[in-house]
Amino acid sequence: MEFISQHPVLVAAVVKIAVLLFIVMTALAYLTWLERKVIAHIQSRWGPYNVGAHGLLQPLADGLKFLFKEDVMPPVADRLIYTLAPFLALSLGLTAIALIPFGPPIVQFPNGQPMFVVSDINLGLLFLFAITSIGVYGVALAGWSSNSKYALLGGLRSSAQMISYEVSLTISVVGVLLLAGSLDFNQLINGPNGQAGYWLHFIPKWNVFPQIVGFLCYLTAAIAETNRIPFDLPEAETELVAGFHTEYSAFKFAMFFMAEYANMITVSCLATILFLGGWLSPFPASWTWQNYLPSVSLLLLAAYCAWNTVSEMRGIARLQLGVVTLLAGGGGLICLYPPIAAGIQGPFWFTAKILAILFFYIWMRATLPRFRYDQLMSFGWKLLLPVSLANLVITAFVIVWPLLRHG
Amino acid sequence: MNIAIIMFFACALLSVAGAMLLILAREPIHSALALILVMMAVAVLYLLLGAPFIAAVQIIVYAGAIMVLFVFVIMLLNAGVEERTDFSRIAKFGGVPLGFLLLLEIAHSLYHSPVGKAIANGAGSSNDAADTAKLSEMLFRQYLFPFEATSILILIAILGALVLARKES
Amino acid sequence: MSAVPISWYLVLSAILFGLGVVAFVFKRNIITIFMSIELMLNAVNLAFVAFARARGDLDGLVFVFFVIVVAAAEAAVGLAIVIMLAQNRQSLNVERVSLLKL
């Protein structure tokens, strides 16, 4: 017990990492479920429906399948790098989530450590970019070590695409940094030049409004950076078999899969922090009824699941839906308790915004055709980079102009 | 035995191990990976010396862009196993001990020099954001001319690489 | 958080520089020789940052910044030359490119 009181930072960090790892791995699994359901409904079909109630156990089934499949390694592959590449990709994707604040640093554990951010550093944004820039190696090394034509070409194209769009990604963010004046995530959200407060009393001061061009450039560069449609030629099935992960099977393939979704989540978290106000609520703080929004939304979900439980025909699905109803209802009732309701506001709004951006990602995937590789590269270098640079120059000019006029 | 000394020894061992792997590896791709390991260890050493901005710049630019360039070139040229030539006996049995002796002498003189006696305070003892702000002010005021000159240098390097890589049409 | 003397960082920098020189002299592949140059530059950067901490000001960090930028430019042009050389001589062995004649 003395250890716990003498090392507050370490103990709090271990607890936060354990909880966050659990939540992120579950979120990754259910993001695949969400993607399949959303794409299916856009295409007028049901999606996974049989495996659990409404397909809710599909991620579990997929995970078990990946675990038990035979792990085939091509005989001429470079063993060390072949095994290292998926670990590198997944671990970097998960490391980036450690820097992200899910709620205000005011909410703390009893020993004074902030509850909603694993590591709160002053130069957080810079280190996040450092982690994403190392992520290129997972793809390049996977392509090389498989020792096959499709994999090498896919790996080279994929990594060239990633480093090209990384430049535009970084430059489109600098406009926000000029407005806020700091690299710290808490300053970007809540600081003196941050996103707290309202214009005209009802428009929140989120950076998406003054920096709309930057936001659009960021979203486009982010979709290209994470190799999603419409920018996923290097790993499309009809083009290059499967690109850099052609020769991977079983759990290593699952790791690449999870790494792609982890990158998606990281990039969405960064978009909400920089442009959509992070964990701030869009409603003014004086509207105290918004404290009950998390519990109300959970109770609505419980009611929907209860209705489905009653109208469901199959016994086992009815049981599963009953469990979900109880969980959602229990969560809703817990969130009615005032200290928890006040504390859960930050993560609730953060999660809602991330889900909105992920829905946009999945919507893009279901709707758009993909770019050809030369179109992709010329788009990145000849259109997106000049637009980001122009955004930066104009933002800098607008900030400096009043100072120039007054001498 | 506080945490700074442990971290220093861990990173020092990693960087020396990476440098040895660079020398001893048989394929260039393994040497490239060893060099990336060295750069990451050196970035953590920069953090221990209280320079977080330079650590981040090292990872973003050096380990995340320059080494990617090296890895691309190795992949494109399909650089395979290196040929080994036999060194002369003098180089192996005379040169290595002499080199080691030289290293010991340099280490001894550095260890007892006056600047060597200063203690490096660990990272986090100063305000990182304020240091970064001061660093950027120095870059844009005192060192503005070298800053602009290096941007022209990068432009020249891009043009040079484009000209060299263009196919004869 | 203290008690690591600056001299230890300088000794480490000297060791890395020495290993870089050894790699430069003894390796046969052009790309590996290039990488040993980058290793030497990293060792020198470490010495600069250590001295910046010892003196208490930030000039060393500015110099490290410029060294990294110049290394980037040099790597770009150097690797372009290496690619052309490899396509001309079909080999990456430095002993094969020691004569001007093909």
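# Exercises on a predicted three-chain model

Q320(A) is found in helix α13 (residues 315–334) of chain A; helices (H or I, at least four residues) and strands (E, at least two) are DSSP runs, numbered from the N terminus. This is a predicted model, in which local features need pLDDT of at least 70 and side-chain atom pairs count only at pLDDT 80 or more, while totals for chains, interfaces and linings use all residues. Residues are numbered from 1 along each chain as its sequence is written, chains are lettered from A, and ligands are numbered from 1, in the order in which they are written.

## Exercise 1: Q320(A)

Task. Classify Q320(A) by burial and list its contacts beyond its neighbours within four places in sequence.

Solution.
- Step 1. Set the cut-offs: with C-beta atoms placed from the backbone, a residue is buried if 20 or more other C-beta atoms lie within 10 Å of its own, exposed if 12 or fewer, and partly exposed in between.
- Step 2. Apply the count. Q320(A) has 19 other C-beta atoms within 10 Å, so Q320(A) is partly exposed.
- Step 3. Find the contacts, meaning residue pairs whose C-beta atoms, placed from the backbone, lie within 7 Å. With neighbours within four places set aside, Q320(A) is in contact with G52(A), A53(A) and L56(A).
- Step 4. Check a separation. C305(A) is 15 residues from Q320(A) along the chain, and their C-alpha atoms are separated by 9.8 Å.

## Exercise 2: Helix α16(A)

Task. Test the length of helix α16 (residues 373–405) of chain A, then locate its bend and its buried residues.

Solution.
- Step 1. Compute the expected span, which is 1.5 Å times one less than the number of residues. For the 33 residues of α16(A) this gives 48 Å.
- Step 2. Compare. The end C-alpha atoms are 47 Å apart, which agrees.
- Step 3. Locate the bend, the angle between axes fitted to the seven residues ending at a residue and the seven starting there. α16(A) bends by about 35° at F379(A).
- Step 4. List the buried residues: L376(A), G380(A), L384(A), S388(A), N391(A), L392(A) and T395(A).
- Step 5. Name their partners. These buried residues pack against α7 (149–180) and α9 (212–225) of chain A.

## Exercise 3: The loop after α9(A)

Task. Describe the backbone at N227(A) and P230(A).

Solution.
- Step 1. Place both residues. N227(A) lies in the loop between α9 and α10 of chain A. P230(A) is in the loop between α9 and α10 (237–240) of chain A.
- Step 2. Read phi. N227(A) has phi near 60°, a positive value in a residue other than glycine.
- Step 3. Check burial. N227(A) has 24 other C-beta atoms within 10 Å, so N227(A) is buried.
- Step 4. Read omega. The peptide bond joining I229(A) and P230(A) is cis, with omega about 10°.

## Exercise 4: Chain contacts

Task. Work out which chains touch, and what each contact is made of.

Solution.
- Step 1. Rank the pairs. Of the 2 pairs of chains that touch, B and C have the most contacts. No contact joins chain A and chain C; their closest C-alpha atoms lie 15 Å apart.
- Step 2. Size the B–C contact. It joins 57 residues of chain C to 69 residues of chain B.
- Step 3. Find the main contributor. α3(C) gives the most to the chain C side, with 21 residues.
- Step 4. Sort by class: Ala, Val, Leu, Ile, Met, Phe, Trp, Tyr, Cys and Pro count as nonpolar, Asp, Glu, Lys and Arg as charged, and the others, Gly among them, as polar. The chain C side that touches chain B has 46 nonpolar, 8 polar and 3 charged residues.
- Step 5. Turn to chains A and B. Chain B gives 15 residues to this contact and chain A gives 16. On the chain B side, α3(B) gives the most, with 11 residues. The classes on that side are 12 nonpolar, 2 polar and 1 charged.

## Exercise 5: The shape of chain C

Task. Compare chain C with a compact globule of 102 residues.

Solution.
- Step 1. Write the fold order. From the N terminus on, chain C runs β-α-α-α.
- Step 2. Apply the globule rule, 2.2 Å times the number of residues to the power 0.38, with the radius of gyration taken over C-alpha atoms. The rule gives a value near 13 Å, but chain C has 17 Å.
- Step 3. Add the dimensions. The C-alpha trace spans about 55 × 25 × 20 Å along its principal axes.
- Step 4. Add burial. Buried residues make up 47% of chain C.
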